[in-house]
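Thanks for asking me to look this one over. Here are my notes, set out point by point.

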Amino acid sequence: MTLLAYNSPSRHASCPRPSISTPPTRIGTGRRRQSRILTQAGRRRQSRTLTDAGRRRPGKILTGAGLALLPWLGYLAGTLPPAEAAAWVTLDTLEATALLIAGTRLLRGDPRHRIPAAAAALLLLTDACLDLATAAPGTELATALAMAIGAELPLAALCATLAARPAHPAAAPHSR
């Protein structure tokens, strides 16, 4: 149907017919332009490699933090009362999962690290607030404050920064 409308003598808004009076396309200038495009693509690929190298360190940090939470889950499950253990283990399991997904995606150079990084930032911030709100005055509050300042809030800031960064488009494959 579209082919018939395109070939009909009348002009349609959805399928405009090209005018016969359009100037011919130049064919001879393609070689120089093609080499310039390939050179620019090579420069972009090189700068993207540097960006990928810059993602390795945050990827290792997030993956290491996610792995460090795994033994902590066992400690919480064994030391807290069952009702409290269920809530804290669930929250820390979600944190570990989000950190591991974001970290491994960063290490692979996958641009889909932003959503798990945002989730990890939110969960870490929630964990820090709940730790401080439920801690008893004294040593427990000092420990919660040290964990918030030393680990949870810096990790949340790193995750929020990674989630807010614009994603770089993947390199288009060259075809002949």
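The points below cover a pocket, a helix and some charged pairs.

1. Please keep in mind that this is a predicted model, and every value here is computed from it.

2. Let's start with the largest pocket, which holds about 590 Å³ of space. Its lining is made of 25 residues, and those closest to the pocket centre are Trp72, Leu76, Asp131, Met147 and Glu152.

3. Which helices build that lining? At least two residues each come from H2 (30-79), H3 (82-108), H4 (114-134) and H5 (139-164). By type, the lining residues of the largest pocket divide into 15 nonpolar, 7 charged and 3 polar.

4. Helix H4 is worth a look in its own right. With 21 residues at 1.5 Å a residue, H4 should span 30 Å, and its end C-alpha atoms are indeed 30 Å apart, so the two values agree.

5. The buried residues of H4 are Pro116, Ala117, Ala120, Ala121, Leu123, Leu124, Asp127, Ala128 and Asp131. H3 and H5 are among the elements that cover them. Asp131 is thus on two lists: buried in H4, and among the residues closest to the centre of the largest pocket.

6. Now the charged pairs: the whole structure has 2 salt bridges. One joins Arg108 and Asp110, at 3.6 Å from N to O. The other partner of Asp110 is Arg112, with the closest N and O atoms 2.8 Å apart. Through shared partners, Arg108, Asp110 and Arg112 form one network.

7. Are the members of that network buried or exposed? Asp110 is buried, because its relative accessible area is 12%, under the 20% cut-off. Arg108 is exposed at 59%, and Arg112 is exposed at 52%.

Conventions:
Residues are numbered from 1 along each chain as its sequence is written. This is a predicted model: local features need pLDDT of at least 70, side-chain atom pairs count only at pLDDT 80 or more; totals for chains, interfaces and linings use all residues. Side-chain values use heavy atoms; hydrogens and water are left out. On a 1 Å grid over the protein atoms alone, a cavity is a set of points where a 1.4 Å probe fits but cannot get out, and a pocket is an open set with protein on both sides within 12 Å along at least five of seven lines; lining residues have an atom within 4 Å of a point. Grid points are joined across faces, edges and corners, and a volume is the space filled by probe spheres set on the points. Helices (H or I, at least four residues) and strands (E, at least two) are DSSP runs, numbered from the N terminus. Ala, Val, Leu, Ile, Met, Phe, Trp, Tyr, Cys and Pro count as nonpolar, Asp, Glu, Lys and Arg as charged, and the others, Gly among them, as polar. The expected span of a helix is 1.5 Å times one less than its number of residues. Buried means under 20% relative accessible area, exposed over 50%, partly exposed in between (1.4 Å probe, protein chains only). Contact means heavy atoms within 4.5 Å. A salt bridge is a side-chain nitrogen of Lys or Arg within 4 Å of a carboxyl oxygen of Asp or Glu.
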